[in-house]
Amino acid sequence: MGSQRDLVRALLDRHGRTFPEEAGIRLADRPAPLYQLLVLATLLSARIRAGVALAAARELFAAGYDTPQRMEKATWQERVDALGRGHYRRYDERTATMLGEEAALCLRRWRGDLRGLHREGDADPVRLRAMLIEFPGIGPTGADIFLREAQAVWADIRPYVDRRVSAGARRLGLPTDADRLAHLVPPADFSRLASALVRVSLDAKVAEEVTRTS
C-alpha cells in the first residue's frame, strides 16, 4: 500500500491538474461552471485529441458562450468560428449545432441550472448518467466525463470511476475498484487522481515517467 501511495503522490504532483482547470473552468456547484463542464464533456467525447477539445472550450468561453443563455443566443456561425479558432475543425459544424440544441434543452428542462439535474438524479450515478445522455452531443462517454469531473463538487457521487480511469489504474498496477482506489487519496483529491489516470490511459509515456520517478 505504501508504494501505491508513493506512486499516486508522484502522479498527482506531475499530472494532477483536472481537465476543467485546463479549460479555464473554475468548477463549483453553480449554474455557469456546471454548464461549462457540460460543454467541455461534449467536446472531449468526440474522437479528437484532448488538447484540441480543451483549446476549443477556452475559445468558446473567451467568446462569451459560457452560459446556456449566451450559447443559445450565439449564431451557428459564431459557434463554428470559435471552434475553428481552437482548431476543432473536423467536427465543428455538427458540434456547433449540438451546442445550440444542448443549451436549449438545459434552459427548457432545468432553467439553465444543472443543479436541478443533480437533485433529480438523487445522487444515483446511473440515473444521472441516463439524464445526461439525453443532451445532444452527450453519449455514454460524455456522461462519464461529466460525472468524473463533477464529483469534485458533487461529493455524493464520489468515487466515480469510468473505463478511462480504470484503464489508467490498471496500467499503473493500482486498484481498479472505485472504493479501493479512493482510499489512496484524501476525498478532495480524488477528482484530480481520476484526471491523472485518464492521462495515463491516453499516454503510456506518462505511466513510464511516473513509475520511474516515484
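Here are four short exercises, with worked solutions, on the predicted model above.

**Exercise 1. Work out how helices α4 and α6 are arranged and which residues join them.**

Solution.
- Start with the axes: those of α4 (residues 50-62) and α6 (residues 76-85) come within 7 Å and cross at roughly 135°.
- Next, classify the angle. Values over 145 degrees would count as roughly antiparallel, and 65 to 115 as roughly perpendicular. The two helices are therefore oblique to each other.
- For the handedness, α4 passes α6 in a right-handed crossing.
- Now list the residues that meet: Ala56, Glu59 and Leu60 from α4, and Arg79, Ala82, Leu83 and Arg85 from α6. By class, this contact holds 4 nonpolar, no polar and 3 charged residues.

**Exercise 2. Do the equivalent for helices α9 and α10.**

Solution.
- Helix α9 (residues 125-132) packs against helix α10 (residues 140-150) at about 125°, and their axes are 9 Å apart. That angle makes α9 oblique to α10.
- The crossing of α9 past α10 is right-handed.
- On the α9 side, look for Pro125, Leu128, Arg129 and Leu132; their partners in α10 are Pro140, Ala143, Asp144, Phe146 and Leu147. This contact divides into 7 nonpolar, no polar and 2 charged residues.

**Exercise 3. Find the residues that touch the most other members of the largest nonpolar core, then trace the contacts of Leu60.**

Solution.
- The core has 71 residues, and Leu60, Phe135 and Phe146 are the ones touching the most other members. Helix α3 (residues 31-44) contributes the most to this core, with 9 residues.
- Set aside the neighbours of Leu60 within four places in sequence; Leu60 is then in contact with Val39, Leu43, Tyr65, Met71, Arg79, Ala82, Leu83 and Leu99.
- Link this to the earlier exercises: Leu60 is also one of the α4 residues that meet α6, while Phe146 is among the α10 residues that meet α9.

**Exercise 4. Locate the unusual backbone geometry at His87, Ala123 and Pro159.**

Solution.
- Recall the background first: most residues other than glycine have a negative phi, and most peptide bonds are trans.
- His87 is not a glycine, yet its phi is positive, at about 65°. His87 sits in the loop between α6 and α7 (92-110) and is exposed, with a relative accessible area of 52%.
- Ala123 also has a positive phi, near 60°. Ala123 belongs to the loop between α8 (115-121) and α9, and its relative accessible area of 27% makes it partly exposed.
- Finally, the peptide bond from Arg158 to Pro159 is cis, with omega near 5°. Pro159 lies in the loop between α10 and α11 (163-172).

Conventions:
Residues numbered from 1 in each chain as written. Predicted model: local features only at pLDDT ≥ 70, side-chain atom pairs only at ≥ 80, totals over all residues. Heavy atoms only, no water. Axes fitted to C-alpha atoms, helices over the stretch in contact; angles between N-to-C directions. Helix = DSSP H or I, 4+ residues; strand = E, 2+ residues; numbered from the N terminus. Parallel < 35°, antiparallel > 145°, perpendicular 65-115°, else oblique. Left-handed = near helix turned anticlockwise from the far one by under 90°. Contact = heavy atoms within 4.5 Å. Nonpolar A, V, L, I, M, F, W, Y, C, P; charged D, E, K, R; others polar. Core = buried A, V, L, I, M, F, W, Y, C linked by side-chain atoms within 4.5 Å. Buried < 20%, exposed > 50% of the residue type's maximum accessible area, 1.4 Å probe, protein only.
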